[in-house]
Amino acid sequence: MSGEVSFLKPNAINPATQPVLTDTLQASVNAKTDQVLALLKNASGELTNITFANSFGAEDMVLTDIILKNQLAIEIFSLDTGRLPVETYDLIAETEQRYHTKLNVLFPQAQAVEFYVKTNGINAFYESIELRKSCCHMRKVEPLQRALKGKNAWVTGMRAAQATTRSSLPVREFDESNGLEKFNPLSDWSEQEVWTYIRMHNVPYNKLHDQFYPSIGCAPCTRAIAMGEDIRAGRWWWEDPTSKECGLHVK
Ligand code: SF4
């Protein structure tokens, strides 16, 4: 491949979300699932007040399934930025129904959003990296800081292979910016393994993934990718790849 991309037909189904479930792949996923479960059980034995940030990506749905099915002592929260795609709200409802639970959803401060919009405009995040990052701070980082207050550890669904900004992602690290332990249990999972778990366990997932949205955030800052593009290419596609984080996972 020379870096060229082939554009997709509308409504094409993403083959990455429909893996062929070979015995080898399923055995590998089962082994990795046991490791994740052991890690999370050890973490909840060692530490109190652990919380999991579920942003409803495919990886987060794997962890949601593991945590809720095994009744681990890890609470779950989510951030509603106010700009999520409708498919994500559908997934929130489906998740609550599937697991017989009500999710803990945090929202941005209304006054901060009103001030930002009044000062900069409703879609100002397209105008500069600074305005994009201040939107992410107001809609994601500040609510995250509230969610992490008083916690001893948090769990994320990040994988090392997702982005150049995540290439050296440990399973456990100390999150200095938030002052608590951070667990990334799926760090060494491949995209194929994530989707194999989802298919094996019939886990609910965001239907946008089938339409070539491998990474889903807010609707105006997420687009489908073309064959051959990086899996994070659909997030803030107008920016340089090295700056493409929202501030939730700062080193
Ligand atoms: S992803 Fe876009 S809309 Fe969402 S918080 Fe960040 S800049 Fe704002």
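**Exercise 1. Determine what share of the contacts in the protein chain with a separation of 6 or more comes from residues 24 or more positions apart.**

Step 1. A contact here means heavy atoms within 4.5 Å. Step 2. Among the contacts in the protein chain of this predicted model with a separation of 6 or more, 71% are accounted for by residues 24 or more positions apart. Step 3. When reading these and later values, note that residues are numbered from 1 along each chain as its sequence is written, and that side-chain values use heavy atoms, with hydrogens and water left out. Because the model is predicted, local features need pLDDT of at least 70 and side-chain atom pairs count only at pLDDT 80 or more, whereas totals for chains, interfaces and linings use all residues.

**Exercise 2. Describe the order of the elements in the protein chain and the extent of its burial.**

Step 1. Helices (H or I, at least four residues) and strands (E, at least two) are DSSP runs, numbered from the N terminus. Step 2. The protein chain contains six helices and six strands, and from the N terminus on they follow the order α-β-α-β-α-β-α-α-β-β-β-α. Step 3. Of the 251 residues in the protein chain, 51% are buried, where buried means under 20% relative accessible area, exposed over 50%, and partly exposed in between (1.4 Å probe, protein chains only). Step 4. The protein chain exposes about 12400 Å², of which carbon and sulfur atoms supply 53%.

**Exercise 3. Locate serine 44 and lysine 69, and find how far each lies from a residue 30 positions away.**

Step 1. Serine 44 belongs to helix H1, and its C-alpha atom is separated by 7.0 Å from that of isoleucine 74, 30 residues apart along the chain. Step 2. Once neighbours within four places in sequence are left aside, serine 44 is in contact with Ile50, Ala73 and Ile74. Step 3. Lysine 69 lies in helix H2 (residues 58–69), and its C-alpha is 8.2 Å from that of tyrosine 99, again with the two positions 30 residues apart in sequence. Step 4. Lysine 69 counts as partly exposed because its relative accessible area is 47%.

**Exercise 4. Is glutamate 193 buried or exposed, and which residues does it touch?**

Step 1. Glutamate 193 is placed in helix H6 (residues 191–201). Step 2. With a relative accessible area of 9%, glutamate 193 is therefore buried. Step 3. Not counting residues up to four places away in sequence, glutamate 193 touches Leu25, Ser28, Val29, Lys32 and Asp188.

**Exercise 5. Compare the settings of asparagine 49 and phenylalanine 212, each of which has a positive phi although not a glycine.**

Step 1. Most residues other than glycine have a negative phi. Step 2. Asparagine 49, with a phi of about 55°, is in the loop between helix H1 (23–46) and strand S1 (50–53), and is partly exposed, with a relative accessible area of 42%. Step 3. Phenylalanine 212, with a phi of about 65°, is found in the segment after H6 and counts as buried at 7% relative accessibility.

**Exercise 6. Identify the residues around the ligand and sort them by class.**

Step 1. The residues around the ligand, meaning those with a heavy atom within 4 Å of it, are Phe125, Arg132, Cys135, Cys136, Arg139, Lys140, Cys218, Cys221 and Trp236. Step 2. By class, this shell has six nonpolar, no polar and three charged residues, where Ala, Val, Leu, Ile, Met, Phe, Trp, Tyr, Cys and Pro count as nonpolar, Asp, Glu, Lys and Arg as charged, and the others, Gly among them, as polar.

Note on methods: Accessible areas come from the Shrake-Rupley method with a 1.4 Å probe; for residues, only the protein chains shown count as cover.
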